[in-house]
Amino acid sequence: MWRDELIEPGPDLSKFELDHVSVSQLRTFLMCGYRWYFDNAAGEDRTNAPGWSARLRGTALDKAATAHFDLKREDHRGLPMAQFVDLAVETHREGEDMTNFEMAEAESRDRTAKIAREYRSFFGELFQPWADQAAQQKFKYQDDGLLLPVHGIIDLRTADKVIVDNKVKAKKNLPKAGELEADLQLTTYSMATGWTHVALAVITDERDPQAQYYETDRNPAQWAGIKERYNQMIRSIRAGILHPAPEKSWYCCDKWCSHWSYCPHGGAMDAPIPGMYE
């Protein structure tokens, strides 16, 4: 009884029907259950807050890389350098109105051009896309070991059966020892396709971007492990059990969480949003 009195009820999820999961949901849920709630189950459109320019640079690169490999699958050459860079820069321009910039817009745009140029000259030449479907492949994966289907989009599948995930990362955030082997996204993509060889194609987000390539393998034991992670998340959500971000988490603040102002474990700690609790 004493323990029960200390447990504050969480959000009412009784009317929320979870019909699929994704690696982005899993990552968010593991970071902060309340961030997952506001992103997916709150019933209000609160996800259109401006993102940061690092994400915009990554989106711009993805758009150019997708067009390049879709064409390369047909003609074995892909986009010329100038078209690749122009497409990335134009995608950046289109997203500028909904972006918070930590540098001048023109500087971010110029960096996007450099990132695109580095990617096209290295990875654009290195990878030959898979003939069946090369870039931005959507999937819906389900088997008896999963409580719900897993949905996702794979950046690239190559002709030599490598799953590639493109990343634009600050140099300080490059994968460290053991991180690549534990990457949830690569494990999910391997599970969904049955392909065991996975890789990260990284361009460093700096004034002089550099290409960095990381590759590793996955196996059925890791597939079983990621399935159990998804199932644990699903069980928790169905039970209405959400954990807030751990104490002193760098992302639990106004700068990095668009839900901070109304989250009962963030800026609204003393004034929970109406209807949050029964």
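**The lining of the largest cavity has 10 nonpolar, 3 polar and 1 charged residues by class.** Ala, Val, Leu, Ile, Met, Phe, Trp, Tyr, Cys and Pro are counted here as nonpolar, Asp, Glu, Lys and Arg as charged, and the others, Gly among them, as polar. The view, like those that follow, shows a predicted model, in which local features need pLDDT of at least 70 and side-chain atom pairs count only at pLDDT 80 or more, while totals for chains, interfaces and linings use all residues. Residues are numbered from 1 along each chain as its sequence is written, and side-chain values use heavy atoms, with hydrogens and water left out. The structure holds 1 cavity of 30 Å³ or more, a cavity being a set of points on a 1 Å grid over the protein atoms alone where a 1.4 Å probe fits but cannot get out. The volume of the largest cavity, taken as the space filled by probe spheres set on points joined across faces, edges and corners, is about 100 Å³. Its lining comprises 14 residues, and those that lie nearest the cavity centre are Cys-32, Cys-252, Cys-257, Trp-260 and Cys-263; a lining residue has an atom within 4 Å of a point.

**Phe-139 and Tyr-189 form one aromatic pair among the 17 that the structure holds.** The two rings are 5.9 Å apart, centre to centre, with 85° between their planes, an edge-to-face arrangement; rings of Phe, Tyr and Trp (its six-membered ring) pair if their centres lie within 6.5 Å, and planes under 30 degrees apart count as stacked, over 60 as edge-to-face and the rest as tilted. This pair links distant parts of the chain, since Phe-139 belongs to strand E4 (residues 135-141) and Tyr-189 to helix H7 (residues 184-193), 50 residues apart. Helices (H or I, at least four residues) and strands (E, at least two) are DSSP runs numbered from the N terminus. Phe-139 counts as buried because its relative accessibility is 11%, and Tyr-189 likewise counts as buried, at 4%; buried means under 20% relative accessible area, exposed over 50% and partly exposed in between (1.4 Å probe, protein chains only).

**Trp-250 and Tyr-251 make an edge-to-face pair.** Their ring centres lie 5.4 Å apart and their planes stand at 85°, which is why the pair is called edge-to-face. Trp-250 counts as exposed, at 60% relative accessibility, whereas Tyr-251 is buried, with a relative accessible area of 12%.

**Ring pairs join a cluster, and charged side chains sit over two tryptophan rings.** The cluster linked by ring pairs consists of Phe-69, Phe-84, Tyr-119, Phe-122, Phe-123, Phe-127 and Tyr-213. Arg-157 lies over the face of Trp-195, 4.0 Å from the ring centre, and the charged end of Lys-255 sits over the ring of Trp-52, 5.4 Å from its centre. A charge is taken to sit over a ring if NZ of Lys or CZ of Arg is within 6 Å of the ring centre and within 35 degrees of the ring normal.

**Lys-248 and Ser-249 lie in the segment after helix H8 (220-238).** Although Lys-248 is not a glycine, its phi is positive, at about 65°, and this residue is exposed, with a relative accessible area of 79%. Ser-249, by contrast, counts as buried at 15% relative accessibility, and its side chain reaches the backbone oxygen of Pro-246 at 2.5 Å.

**His-76 occupies the loop between helix H4 (53-75) and helix H5 (81-95).** The phi of His-76 is near 65°, a positive value in a residue other than glycine, and His-76 is exposed, with a relative accessible area of 55%. Val-89, which lies in helix H5, is buried, with a relative accessible area of 15%. The C-alpha atoms of Val-89 and Ser-108 are separated by 9.6 Å, with their positions 19 residues apart along the chain.

**Two loop residues, Arg-207 and Gly-145, are shown with their partners across the sequence.** Arg-207 is placed in the loop between strand E7 (197-204) and strand E8 (211-217) and counts as exposed, at 64% relative accessibility. From C-alpha to C-alpha, Arg-207 and Thr-112 are 9.8 Å apart in space and 95 residues apart in sequence. Gly-145, found in the loop between E4 and strand E5 (150-157), counts as partly exposed at 33% relative accessibility. Gly-145 and Ala-224, 79 residues apart in sequence, are 7.7 Å apart in space, C-alpha to C-alpha.

Notes: On a 1 Å grid over the protein atoms alone, a cavity is a set of points where a 1.4 Å probe fits but cannot get out, and a pocket is an open set with protein on both sides within 12 Å along at least five of seven lines; lining residues have an atom within 4 Å of a point. A polar contact is a pair of N or O atoms within 3.5 Å; within protein, one must be able to donate a hydrogen and the other to accept it, and residues adjacent in sequence count only if both atoms are side-chain atoms.
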